[in-house]
Amino acid sequence: MSVTAVGHLSRSASRAVAKAANGFHLLRIEGYSQTEMLLPGQRISSQDFTVGDYSWRVDCYPNGRDTSTKSNAMSVYLQLTDHTHRLLRARFKFSLLDRAGNTGFELPAETASFTSVSSMYHYSTSVLASVDEQGPGCGHEEFIGREELERRREDLIRDDRIVLRCEVGVTQIEGSCLAADELSDEEEDEQYDAPGYGFGPPRPRRLRRRTDDDEYVKWCLTEEPRRSRGYRQVRARGFGHPNWY
């Protein structure tokens, strides 16, 4: 004699949205004429800045990044300083601004994979010489030649300072629980977490029992989180910050 176990049948649906996150950072270097005295491999670093929930840093090497030879070109690199040490793909573009704040010199945008630099260099803003401290960033070994920069001094150098602009673009993935439906002998009303009330993560919305799978699937294909009921997006681990709907 066989016994068939009777339990709950669960159905659920989640939602993931890919969004573009873009931003830029300006690094103003004053006393540019004095940077000619820096050694190859010595850098001038920006403060950390945030684009797409990730932390970044700009490294400028006035006399080149290669420590083995004297370079006649400036090197610029973008570093991922996020503590997660994950591999991240991003788009970046470097340019120099003219006296009016417009683009005076630029190189085409590029897309590359970034690995987070070691945490011991996250907050460093000093000029460093060791090649071991350069980090695995992406950029241009020869951004602009010193002769080219001097030739365009009237446009790109103002009061002995230059302004470097770095644009960054990444893709963020935001996830949420769209619906949860446990099939049993009892029906549950829809539940919502109103903003500002309660503690802990928001509970998923539970639907009234739908015994027809096709109906459930069709509902999930068109359903959107509701603004009027205060339903909140759930942040999944590794995703971006949650948004209110």
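## A charge over a ring

In this predicted model, the charged end of Arg 165 is placed over the ring of Phe 24, at 3.9 Å from the ring's centre. A second arginine is positioned over an aromatic face: Arg 65 lies over Tyr 77, with 4.0 Å to the centre of the ring.

## Overall architecture

The protein chain contains three helices and 10 strands. Read from the N terminus, the order of the elements is β-β-β-β-β-β-β-β-β-α-α-β-α.

The chain has 245 residues, and 42% of them count as buried. Among contacts with a separation of 6 or more, 70% are made by residues 24 or more positions apart. The accessible surface of the chain amounts to about 14300 Å², and carbon and sulfur atoms contribute 48% of that surface.

## Aromatic pairs and their cluster

A pair of aromatic rings is described by two quantities, namely the distance of the centres and the angle of the planes. Six aromatic pairs are present in the structure. One of them joins Phe 92 and Phe 94 in an edge-to-face arrangement, with 6.1 Å from centre to centre and 65° between the planes. Phe 92 and Phe 94 are both buried.

Phe 94 also pairs with Phe 143, again edge-to-face. Here the centres are 6.4 Å apart and the planes are 65° from one another. This pair links distant parts of the chain: Phe 94 belongs to strand β6 (residues 87–97) and Phe 143 to strand β9 (residues 138–145), with their positions 49 residues apart in the numbering. Both partners, Phe 94 and Phe 143, are buried. Ring pairs further connect Trp 56, Phe 92, Phe 94, Phe 105, Phe 114 and Phe 143 into a cluster.

## Thr 81 and its polar contacts

Thr 81 is located in the loop between β5 (73–80) and β6. The relative accessible area of Thr 81 is 1%, so this residue counts as buried, the cut-off being under 20%.

The side chain of Thr 81 takes part in polar contacts with two other side chains. One partner is the side chain of Ser 55, at 2.8 Å. Another is the side chain of Asp 48, at 3.3 Å.

## Summary of the local features

Two kinds of ring interaction have been described. Arg 165 and Arg 65 are placed over the rings of Phe 24 and Tyr 77, respectively. Phe 94 pairs with Phe 92 and with Phe 143, and these three residues belong to the cluster that includes Trp 56, Phe 105 and Phe 114. In the loop between β5 and β6, the buried Thr 81 has side-chain polar contacts to Asp 48 and Ser 55.

How values were computed:
Residues numbered from 1 in each chain as written. Predicted model: local features only at pLDDT ≥ 70, side-chain atom pairs only at ≥ 80, totals over all residues. Heavy atoms only, no water. Helix = DSSP H or I, 4+ residues; strand = E, 2+ residues; numbered from the N terminus. Buried < 20%, exposed > 50% of the residue type's maximum accessible area, 1.4 Å probe, protein only. Contact = heavy atoms within 4.5 Å. Areas by Shrake-Rupley, 256 points an atom, 1.4 Å probe, with all protein chains shown as cover. Phe/Tyr/Trp six-rings, centres within 6.5 Å; stacked < 30°, edge-to-face > 60°. Lys NZ or Arg CZ within 6 Å of the ring centre and 35° of its normal. Polar contact = N/O pair within 3.5 Å; in protein donor to acceptor, adjacent residues only side chain to side chain.
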